[in-house]
Amino acid sequence: MAAAVAATPFRKTETYTDTKRRDDVRGANIAASCAVADAVRTSLGPRGMDKMISSGDNNVTITNDGATIVSLMALLQPAARMLADVSRSQDAAAGDGTTSVVVLAGSLLRRAQCLIAAGAHPTAVADSLHRLAARAVQVLQGMAIPVELSDRDSLVKSASTALNSKVVSQYSTLLAPLAVDAALSVVDPAHPELLDLRGIRIIKKLGGTVDDTELVRGLIFDKKASHAAGGPSRIENAKIAVIQFQVSPPKTDIEQSVIVSDYAQMDRILREERNYILGMVKKIKASGCNVLLIQKSILRDAVTDLSLHYLAKAKILVVKDVERDEVEFVTKTLNCLPIANIEHFREDKFGHADLVEEVSVGDGKIVKITGIKDMGRTATVLVRGSNQLVIDEADRSLHDALCVIRCLVNKRFLIAGGGAPEIEMSMQLAAWAKELHGMESYCIKEFADALEVIPYTLAENAGLSPITVVTELRNRHAKGEKNTGINVRKGQITNILEENVVQPLLVSTSAITLACECVRMILKIDDIVTVR
């Protein structure tokens with residue numbers, strides 16, 4: 001018997017694994033990510049604070065746009081940079097909600113850290129988040145209200161909600177309708193579900209106030225006409241050509257020098273140059289063209305003083321140095337074709353407009369083209385402001401408002417704002433957690449509570465009592481008032497739909513999906529390996 005016992009091999013029943021390094025790495029990642037979330041949290045909502053960001057080259061930016069703030073931060077920690085990427089992804093997908101997505105991710109990470117500290121496995125926590133995101137999207141879709149593009153008032157309300165949290169919120173009554181009109185003017189009836197924002201060009205001009213911002217049904221060039229030789233600055237019934245060749249003497253194909261020592265030969269060269277340019281100008285004039293838009297040249301000057309002199313004599317208005325990346329937009333707007341060679345200079349490639357004129361704006365001049373015949377589906381917005389910081393912020397705010405309209409074109413549903421969707425998601429997910437079993441039930445319950453960070457922060461930034469407000473919101477939603485939210489301007493809880501505080505469904509669904517995806521990725525990292 002003893003021999004049998006002795007022959008039995010020893011089996012190890014318990015093993016000890018040192019998990020301190022994994023916990024430290026995960027804790028460092030969560031701490032860095034939460035620090036980014038805390039930095040932008042005070043900027044959430046209409047009563048959020050603004051950030052002044054100063055870069056190393058003394059450039060200053062004042063904004064409360066989450067994507068702009070995190071993109072300008074010098075983030076070194078990899079997990080913190082992931083949060084910045086999530087904010088940029090939200091900006092690309094929806095245009096609005098860039099602060100909300102970072103704040104949501106930070107709150108979810110804090111709850112996840114508590115669950116892991118209590119003994120939950122990171123993989124189980126991450127899997128719970130995946131199920132939570134899918135369920136949360138269903139809750140949001142249940143709250144959604146369908147909207148049509150013909151319902152201009154609903155679109156304006158949605159754009160106003162996006163603008164109300166910006167530095168230029170006092171101008172939302174001007175910028176919101178302007179953004180809606182600009183967006184709808186570029187929607188192609190053949191593809192009503194698509195909105196390409198590249199068809200909207202924003203020109204920033206210093207001077208005046210944001211009130212002077214206007215939508216131009218035509219084309220604007222942020223430069224003055226080249227009339228140094230006394231050329232025209234106003235043309236009616238314009239025939240416009242966009243050229244990609246140079247109205248200047250040709251150069252050799254290779255870099256070389258030609259030495260001329262004889263004065264007669266020098267006169268002959270100058271005479272040939274004059275004849276060459278004069279021949280080009282005569283062809284341009286003979287075609288009937290009276291406005292010339294010249295693409296910027298890299299190898300040599302697009303025009304010379306001599307060619308400008310001849311063009312002025314021919315009464316042709318010249319706008320030079322049109323950027324290469326602008327040519328596509330210009331030709332689409334004018335419904336014309338770019339001309340690459342003088343031999344192809346024909347009238348069928350021209351654009352036609354009622355008026356081309358040089359206009360004084362602020363301390364500079366612009367060239368404005370209006371009354372374009374068969375104008376393409378584009379729009380131009382001239383943004384004005386008293387200083388460069390205001391103009392840049394107005395530009396960013398207008399971009400967010402345009403993105404909100406794009407969201408509604410892609411997915412035509414609106415939901416209430418003011419923290420109402422987050423409270424409703426929290427309540428329904430908490431109820432769903434009670435139907436589940438085991439660890440998943442605990443995880444879903446924790447994450448459901450984490451969603452309350454949005455109404456909590458909105459109330460906190462508005463100077464209200466966050467605990468009182470969130471408790472009252474829970475009470476109202478429990479009674480079935482699912483569109484009840486925080487009216488920040490009145491400082492009380494109201495039916496937020498009646499206050500016209502609405503946002504696209506895509507903004508909220510994108511925010512919760514991206515936040516959960518980012519948190520899952522951070523939770524599953526247990527080591528950081530540096531490769532030289």
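**View 1. Phe245, Phe345 and Phe350 make up one aromatic cluster.** This is a predicted model, where local features need pLDDT of at least 70, side-chain atom pairs count only at pLDDT 80 or more, and totals for chains, interfaces and linings use all residues. Residues are numbered from 1 along each chain as its sequence is written, and side-chain values use heavy atoms, leaving out hydrogens and water.

**View 2. Here's the pair Phe245 and Phe345, one of two aromatic pairs in the structure.** Ring centres sit 6.5 Å apart with planes at 75°, so this one is edge-to-face (rings of Phe, Tyr and Trp, the last by its six-membered ring, pair if their centres lie within 6.5 Å; planes under 30 degrees apart are stacked, over 60 edge-to-face, the rest tilted). The pair ties together distant parts of the chain, 100 residues apart: Phe245 is in the loop between strand E7 (234–243) and helix H9 (263–286), and Phe345 in the loop between strand E10 (338–339) and strand E11 (351–361). Helices (H or I, at least four residues) and strands (E, at least two) are DSSP runs, numbered from the N terminus.

**View 3. Phe345 also pairs with Phe350.** Their centres are 5.4 Å apart and their planes at 65°, so it's edge-to-face again. Phe345 is buried at 9% relative accessible area, and Phe350 is buried at 3% (buried means under 20%, exposed over 50%, partly exposed in between, with a 1.4 Å probe and protein chains only).

**View 4. Asn387 caps the N-terminal end of H12.** A side-chain oxygen of Asn387 lies 3.1 Å from the backbone nitrogen of Leu389. H12 itself (residues 388–410) has 23 residues and reaches 33 Å from first C-alpha to last, close to the 33 Å expected at 1.5 Å a residue (that is, 1.5 Å times one less than the number of residues).

Terms used
A polar contact is a pair of N or O atoms within 3.5 Å; within protein, one must be able to donate a hydrogen and the other to accept it, and residues adjacent in sequence count only if both atoms are side-chain atoms.
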